[in-house]
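The following exercises invite the reader to examine a structure element by element. Each task is followed by a solution that proceeds in steps.

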Number of protein chains: 4
Amino acid sequence: MNTVNLAEARAIISAAEAKAAEIGQPMNIAVVDSGGNLVSHVRMDGAWLGSIDISINKAFTSRAFDIQTKDLGDNAQPNQQFYGIHASNHGRIMIFAGGIPLSRDGQVVGAIGVSGGSGEQDQTVAEDGAAAL
Amino acid sequence: MNTVNLAEARAIISAAEAKAAEIGQPMNIAVVDSGGNLVSHVRMDGAWLGSIDISINKAFTSRAFDIQTKDLGDNAQPNQQFYGIHASNHGRIMIFAGGIPLSRDGQVVGAIGVSGGSGEQDQTVAEDGAAAL
Amino acid sequence: MNTVNLAEARAIISAAEAKAAEIGQPMNIAVVDSGGNLVSHVRMDGAWLGSIDISINKAFTSRAFDIQTKDLGDNAQPNQQFYGIHASNHGRIMIFAGGIPLSRDGQVVGAIGVSGGSGEQDQTVAEDGAAAL
Amino acid sequence: MNTVNLAEARAIISAAEAKAAEIGQPMNIAVVDSGGNLVSHVRMDGAWLGSIDISINKAFTSRAFDIQTKDLGDNAQPNQQFYGIHASNHGRIMIFAGGIPLSRDGQVVGAIGVSGGSGEQDQTVAEDGAAAL
């Protein structure tokens with residue numbers, strides 16, 4: 001199966017952590033595989049407790065729909081085509097920035113989810129993580 | 001461990017109760033510790049049943065993100081950066097006024113959550129509770 | 001409505017706390033009203049985190065069936081008449097010692113739930129709490 | 001605050017992974033802090049998907065009751081004092097081997113949870129992890 005493995009997840013998380021440290025914002029960082037299942041999670045010291053669940057589910061959401069959570073979010077606002085999608089999947093759908101699909105050879109092989117700062121910070125850190133694959 | 005203990009939680013709740021009595025609005029009042037776990041809860045006679053859960057989860061939310069729930073709420077409206085966050089953490093995220101982090105020596109050591117009246121009333125009562133630490 | 005009020009719940013919790021202190025085992029103590037809804041909860045310093053939920057739900061269970069949880073437990077073992085009842089009510093049914101109905105004038109007006117030690121310790125503390133009504 | 005931090009969690013997970021590799025059984029390994037909240041999780045390549053949740057919740061359970069999950073399990077069998085405890089805490093209580101509290105200076109500062117093999121394998125791997133603190 002074409003999926004990220006643990007070594008790759010660690011490299012992705014490590015790159016994300018480096019960016020979080022650089023911007024001075026501790027983060028929760030999670031990577032899921034092509035099945036949407038958690039490969040690894042890290043909570044940096046001092047990062048928000050409420051972001052454990054959010055980071056894991058941003059990663060899940062990005063793989064679940066093969067989309068960045070910020071783009072899904074644009075479609076999930078009131079009066080948009082996917083408004084209400086956050087009520088599905090038993091509360092696992094996150095519709096704000098910080099989740100990015102991981103691709104290889106044109107295939108989505110997993111996703112990264114980051115939570116712990118502003119939407120912009122989460123997105124920046126997730127991008128650096130994703131770029132490490 | 002830097003966290004509120006039961007004696008402190010009781011003093012906080014007592015101050016909140018006094019304010020609730022003063023404004024004539026019975027309240028549910030809850031305090032969580034630095035791990036987000038409930039230390040104590042009180043439902044004043046005549047306070048809303050639905051506010052039991054809300055008071056506990058406002059306190060959880062304030063500690064989970066080290067923020068007042070009314071400020072989180074501002075960021076959680078449609079088209080704002082955290083819209084949809086109320087779907088995370090298994091329904092425990094409250095995004096309206098009444099939750100306030102409790103700080104000591106510059107560290108968040110717990111939180112108070114109040115529910116039972118208008119947003120303004122909840123906030124006022126929570127502020128008096130938080131000030132008692 | 002014939003139900004415990006907050007002042008009574010506090011007296012019940014206070015008596016339970018005194019017993020817990022006497023036996024040297026910190027406890028979670030909860031009281032629900034005649035509607036099965038939480039009136040007050042206290043976690044003594046050092047008491048188990050997992051017992052927050054259990055104490056509240058022992059109280060709920062005792063009022064839900066007007067029975068001590070240890071007696072319900074006897075009926076809920078494999079091959080007994082209520083085996084499987086712990087799967088009902090969304091995980092709120094506790095079938096081991098520590099929950100006791102609170103009665104006045106021959107009517108159940110609420111319940112106490114205690115969790116934090118052995119079954120025998122929980123029961124002893126709950127009995128002292130219930131006796132304070 | 002007296003709790004495991006991320007660097008310690010990683011050292012614990014690393015020791016557990018080494019043992020899992022030695023016995024040839026891929027595992028899910030999780031560490032929670034003193035508040036019962038996840039610090040880090042790792043799923044080794046090929047480890048069971050169903051064990052993601054179990055490893056995290058074994059760690060939660062061990063901190064929630066400051067006990068090894070196998071010892072809690074002994075007390076949670078039919079006709080034992082805590083039978084039915086697995087229905088509490090919204091399905092987060094695991095009552096079989098693989099969860100161990102992490103202690104420092106006589107205080108529980110977190111817990112490790114391991115899932116992916118037999119009860120004996122999970123326990124062995126968790127013990128090696130816990131010993132690394």
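**Exercise 1. A strand pair across two chains**

Which residue in β2(D) is the bridge partner of A:Ser40?

Solution. The model is a predicted one. Begin with the two strands concerned: strand β2 of chain A, residues 38–43, is joined to β2(D) by three bridges. The two strands run antiparallel. Within this pairing, A:Ser40 has D:Val42 as its bridge partner.

**Exercise 2. The interface of chain D and chain A**

Describe the contact between chain D and chain A by its residues, its area and its polar pairs.

Solution. Step one concerns the residues: 18 come from chain D and 18 from chain A.

Step two concerns the area. The size of an interface is often given as the accessible area lost when the parts come together. For chain D and chain A about 1,400 Å² is buried between them, and 44% of this lies on carbon and sulfur atoms. On the side of chain D, the residues that lose the most area to chain A are D:Leu6, D:Leu38 and D:Arg43, which together make up 33% of what that side buries.

Step three concerns the polar pairs. Between chain D and chain A there are 15 residue pairs in polar contact, counting those with both residues at pLDDT 80 or more. Three elements of chain D give two or more residues to the side that touches chain A, namely α1 (6–23), β2 (38–43) and α2 (51–64). Of the residues on this side, β2(D) gives the most, with six. By class, this side of chain D holds nine nonpolar, four polar and five charged residues.

Step four concerns the charged pairs: four salt bridges are counted between chain D and chain A. One of the salt bridges links the side chains of A:Arg10 and D:Glu17, at 2.6 Å from N to O.

**Exercise 3. The interface of chain B and chain A**

How many salt bridges are found across the interface of chain B and chain A?

Solution. First establish the extent of the contact, which takes 19 residues from chain B and 18 residues from chain A. Chain B and chain A bury about 1,500 Å² between them, with 60% of it on carbon and sulfur atoms. Next apply the rule for salt bridges, which finds zero across this interface. Polar contacts are nevertheless present: seven residue pairs are counted, both residues being at pLDDT 80 or more. The side of chain B that touches chain A consists, by class, of seven nonpolar, 10 polar and two charged residues.

**Exercise 4. Strand β4 of chain D and its partners**

Which strands of chain D pair with β4(D)?

Solution. Take first the strand itself: β4 of chain D spans residues 107–115, and eight of its nine residues are buried.

One partner is strand β1 of chain D, residues 28–33, which pairs with β4(D) in the antiparallel sense over six bridges. Here D:Val32 has D:Ala111 as its bridge partner.

Another partner is strand β3 of chain D, residues 99–104, joined to β4(D) by six bridges and likewise antiparallel. In this pairing D:Gly99 is matched with D:Gly113. The strands β3(D) and β4(D) form a hairpin with two residues between them. In the turn, D:Asp105 has a positive phi of about 50°.

**Exercise 5. Two residues of chain B**

Is B:Asn28 buried or exposed?

Solution. B:Asn28 is placed in strand β1 of chain B, residues 28–33. Its relative accessibility is 0%, and therefore B:Asn28 counts as buried. Its side chain makes a polar contact of 2.9 Å with the side chain of B:His41. A polar atom of the B:Asn28 side chain also lies 2.9 Å from the backbone oxygen of B:Trp48. Beyond four places in sequence, the residues that B:Asn28 touches include B:Arg43, B:Ile52 and B:Val114.

Why does B:Gln123 count as buried?

Solution. B:Gln123 lies in helix α4 of chain B, residues 119–131. B:Gln123 counts as buried because its relative accessibility is 7%, and the cut-off for buried is under 20%. Leaving aside residues up to four places away in sequence, B:Gln123 touches B:Gln68, B:Lys70, B:Ala97, B:Gly98 and B:Ile100. For B:Gly98, the backbone nitrogen lies 3.3 Å from a polar atom of the B:Gln123 side chain.

Definitions and conventions
Residues numbered from 1 in each chain as written. Chains lettered and ligands numbered in written order. Predicted model: local features only at pLDDT ≥ 70, side-chain atom pairs only at ≥ 80, totals over all residues. Heavy atoms only, no water. Helix = DSSP H or I, 4+ residues; strand = E, 2+ residues; numbered from the N terminus. Buried < 20%, exposed > 50% of the residue type's maximum accessible area, 1.4 Å probe, protein only. Contact = heavy atoms within 4.5 Å. Polar contact = N/O pair within 3.5 Å; in protein donor to acceptor, adjacent residues only side chain to side chain. Buried area = accessible area lost by both parts, 1.4 Å probe. Nonpolar A, V, L, I, M, F, W, Y, C, P; charged D, E, K, R; others polar. Pairing = 2+ DSSP bridges.
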